[in-house]
Amino acid sequence: MRSSDVDRRRFLRMLSFSTLGLTAPRLAGAAGRLTGDRQPFTLGVAAGDPAPDGFVIWTRLAPDPLNGGGMPPVPARVRWELFADETLRQVVKRGTAIASPTLAHAVHVEVTGLAPDRWYWYRFSTDDAVSAVGRGRTLPHADAAVSRLRFAFASCQHYEQGYFTALRHLAREDVAVIFHLGDYIYESPARDGRTRRHLGPELFTLDDYRNRYAQYKCDPDLQAAHAACPWVVTWDDHEVSDNYAGPTLRLGRSDEGFLRRRAAAYQAYYEHMPLRPGWLTHGPVAQLFRGFRCGALASFFVLDTRQYRTVQPCGDNTTWPCDGMLDPGATMLGPAQAAWLFDGVRRSSSRWNILPQQVMVAKVNRRQNGRDRFTMDHWAGYETERQRLLACFAARPDANAIVLTGDLHSSWVNDLRATADGPTVATEFVGTSLTSGGDGQDLPKPIEAVLADNPFVRFYNEQRGYVVCDVSPRQLRADYRVVETVSRPDAPCLTRAGFIVEDGRPGAQRL
Ligand code: FE
Ligand code: CA
């Protein structure tokens with residue numbers, strides 16, 4: 001049998017909901033039907049934040065997902081099971097969790113005590129219904145000599161601007177983990193004339209954000225990608241508000257309610273992501289930066305470049321340089337995250353050190369009429385800290401630093417240099433959006449001048465898709481996968497370009 005047939009059957013099985021029959025296990029002592037006639041697992045399942053001994057599994061009970069969830073305002077018990085095999089015969093662990101109305105009846109179970117570096121399957125059930133089956137994978141033991149890691153990264157999935165076709169293809173890539181670099185939702189109200197339509201107004205309240213996540217999570221392609229493997233998520237701006245900066249709206253525009261809004265957005269994010277329970281601190285503060293280690297092969301430093309940053313200098317757009325760009329007090333990471341990152345890279349013994357994060361590190365000059373212009377919402381607007389980051393990479397040439405970036409809705413491969421013509425100290429792979437921006441072109445005309453002005457840019461493309469990376473001790477390979485269109489469903493996916501970075505040699509080489 002062709003492997004695509006196996007994939008397809010597995011894919012269909014993952015998506016199939018079934019109602020428990022007479023032989024199904026029941027929750028001991030659970031009282032009555034909580035969800036009426038509608039099954040509660042409308043938002044799918046997810047695994048996340050893998051460790052050598054386990055991962056988080058997630059679901060949320062929402063029989064009426066687009067209208068607040070539809071659960072009665074009381075806690076509900078949810079049963080979970082974890083299996084060693086795809087046929088669900090061998091139960092490894094099971095338990096019950098409480099889905100609380102204060103967290104929108106979301107369930108986050110930290111499964112521990114598992115074997116390293118292997119697949120597991122899981123599902124949830126209530127008295128009346130059983131969820132889709134999801135697949136999770138533990139990381140290798142921290143000291144293991146790992147010969148290969150296959151992972152993917154993606155970002156920016158504006159629901160209105162396209163079908164999640166790329167996620168359907170991503171679900172079949174057979175990667176061990178997917179990094180999502182943010183813009184998981186967009187906060188904007190519905191707009192006419194788009195491929196799909198947001199429900200509800202611009203998001204401000206907890207209920208607004210919850211309903212928006214629910215609308216996105218009802219998408220079967222998104223559910224399939226979550227069910228396929230663990231995700232490690234981080235956010236960008238649109239999970240809260242466009243280009244917000246730390247405690248303020250973009251450009252520091254004052255809004256007394258902003259921190260309340262940020263708190264609501266952060267809570268809804270937690271409620272819909274496979275993050276560790278206990279992560280949510282309540283209020284507008286939550287530590288999302290964190291590390292993952294895949295044996296001796298790779299360390300991942302997952303960054304949050306929104307929550308702690310200072311306000312963008314001289315506008316958040318692409319503009320002429322200004323003094324604010326060089327402000328030594330400006331920060332993208334905030335002091336605690338910066339210390340953790342720089343110290344972590346300095347001490348790392350991993351072959352590859354990979355930074356999944358949001359905005360572009362390469363300082364791309366979009367010259368106009370002979371005048372330099374830079375994008376202030378990117379690292380270019382925070383030049384002092386950007387130089388610190390590049391110095392950190394330069395001090396550890398053996399660390400093989402790789403930056404993974406989202407946000408731009410276009411694909412870039414950049415050699416990272418402290419100055420435009422200095423030595424390359426690291427490599428940046430910017431992934432395009434999954435849908436945001438709608439159907440894009442391969443190489444739109446106006447970008448040609450930009451590429452000529454910025455010779456450290458090795459590749460540019462404006463189609464929708466994601467990036468798959470294959471890592472071995474010898475090299476890291478990145479394949480840019482793109483879909484033909486997102487304005488119609490069912491488009492095929494193809495590899496637009498492939499690059500490798502060799503161990504000990506920063507900079508990408510086109511295959
Ligand atoms: Fe985006
Ligand atoms: Ca963004």
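In these exercises a residue counts as buried when its relative accessible area is under 20%, and as exposed when that area is over 50%. Keep in mind throughout that this is a predicted model.

**Exercise 1. Sort residues by accessibility**

Task: Decide whether V177, Q463, F164 and D490 are buried or exposed.

Solution:
- Start with V177, which lies in strand β11. V177 has a relative accessibility of 4%, so it counts as buried.
- Go on to Q463, in the loop between β21 (457-461) and β22 (464-471). Its relative accessibility is 15%, so Q463 is buried.
- Next comes F164, in the loop between β10 (149-154) and α2 (165-170). With a relative accessible area of 1%, F164 is buried.
- Finish with D490, in the loop between β23 (475-483) and β24 (493-502). D490 reaches 55% relative accessibility, so it counts as exposed.

**Exercise 2. Find the surroundings of buried residues**

Task: Leaving aside neighbours within four places in sequence, find which residues are in contact with V177, F164 and Q463.

Solution:
- Around V177, the residues touched are P50, R150, F151, A152, C229, P230 and V232. You can also compare V177 with G48: the two are 129 residues apart in sequence, and their C-alpha atoms are 8.4 Å apart in space.
- For F164, the contacts include Y159, R196, Y216 and T435. R194 is 30 residues from F164 in sequence, with 14 Å between the two C-alpha atoms.
- For Q463, the contacts are T432, G440, Q441, D442, V482, V483 and R496.

**Exercise 3. Take apart the calcium site**

Task: Name the protein donors of the calcium ion (ligand 2) and locate them along the chain.

Solution:
- List the donors: D183, D236, D237 and D407, each through OD, lie 2.3 to 2.7 Å from the calcium ion (ligand 2).
- Read off their spacing, which follows D-x52-D-D-x169-D along the chain.
- Place two of them. D183 is in the loop between β11 (177-180) and α3 (206-217), while D236 is in the loop between β12 (231-233) and α5 (258-272). The two are 53 residues apart, and the pair links distant parts of the chain.
- Check their accessibility: both D183 and D236 are buried.
- Look for a second metal. D183 bridges the calcium ion (ligand 2) and the iron ion (ligand 1), and these ions lie 3.8 Å apart.

**Exercise 4. Describe the two pockets**

Task: Work out how the linings of the largest pocket and the second largest pocket divide into nonpolar, polar and charged residues.

Solution:
- Begin with the largest pocket, whose volume is about 470 Å³. It is lined by 19 residues, and those closest to its centre are N317, T375, H378, D407 and L408.
- Divide this lining: two residues are nonpolar, eight polar and nine charged. One name here is familiar, as D407 is also a donor of the calcium ion (ligand 2).
- Zoom in on T375, in strand β17 (residues 374-375). T375 has a relative accessible area of 13%, so it is buried. Beyond its neighbours within four places in sequence, T375 is in contact with N317, T318, R366, A380 and G381.
- Turn to the second largest pocket, with a volume of about 260 Å³. Of its 17 lining residues, R137, R148, L149, R150 and A176 lie nearest the centre.
- Divide this second lining: 11 residues are nonpolar, one is polar and five are charged.

**Exercise 5. Relate the domains to a pocket**

Task: Find how many residues of domain 1 and domain 2 are in contact, and which domains supply the lining of the second largest pocket.

Solution:
- Set the bounds: the assignment gives domain 1 (3-11 + 22-137) and domain 2 (149-184 + 193-202 + 282-510).
- Note the separation of their centres, 32 Å when taken over C-alpha atoms.
- Count the contacts: nine residues of domain 1 are in contact with nine residues of domain 2.
- Return to the second largest pocket, whose lining draws at least three residues from each of domain 1 and domain 2.

**Exercise 6. Look at the sign of phi**

Task: State what is unusual about the phi of L88 and D490.

Solution:
- Recall the general pattern: most residues other than glycine have a negative phi.
- Take L88, in the loop between β4 (76-83) and β5 (91-99). Phi of L88 is positive, near 60 degrees.
- Take D490, which is not a glycine but has a positive phi of about 70 degrees.

Methods:
Residues are numbered from 1 along each chain as its sequence is written. Chains are lettered from A and ligands numbered from 1 in the order in which they are written. This is a predicted model: local features need pLDDT of at least 70, side-chain atom pairs count only at pLDDT 80 or more; totals for chains, interfaces and linings use all residues. Side-chain values use heavy atoms; hydrogens and water are left out. Donors are N, O and S atoms within 2.8 Å of the metal (3.2 Å for Na, K and Ca); water is not among the atoms, so sites may look incomplete. Helices (H or I, at least four residues) and strands (E, at least two) are DSSP runs, numbered from the N terminus. Buried means under 20% relative accessible area, exposed over 50%, partly exposed in between (1.4 Å probe, protein chains only). On a 1 Å grid over the protein atoms alone, a cavity is a set of points where a 1.4 Å probe fits but cannot get out, and a pocket is an open set with protein on both sides within 12 Å along at least five of seven lines; lining residues have an atom within 4 Å of a point. Grid points are joined across faces, edges and corners, and a volume is the space filled by probe spheres set on the points. Ala, Val, Leu, Ile, Met, Phe, Trp, Tyr, Cys and Pro count as nonpolar, Asp, Glu, Lys and Arg as charged, and the others, Gly among them, as polar. Domain bounds come from an automatic or database domain assignment. Contact means heavy atoms within 4.5 Å.
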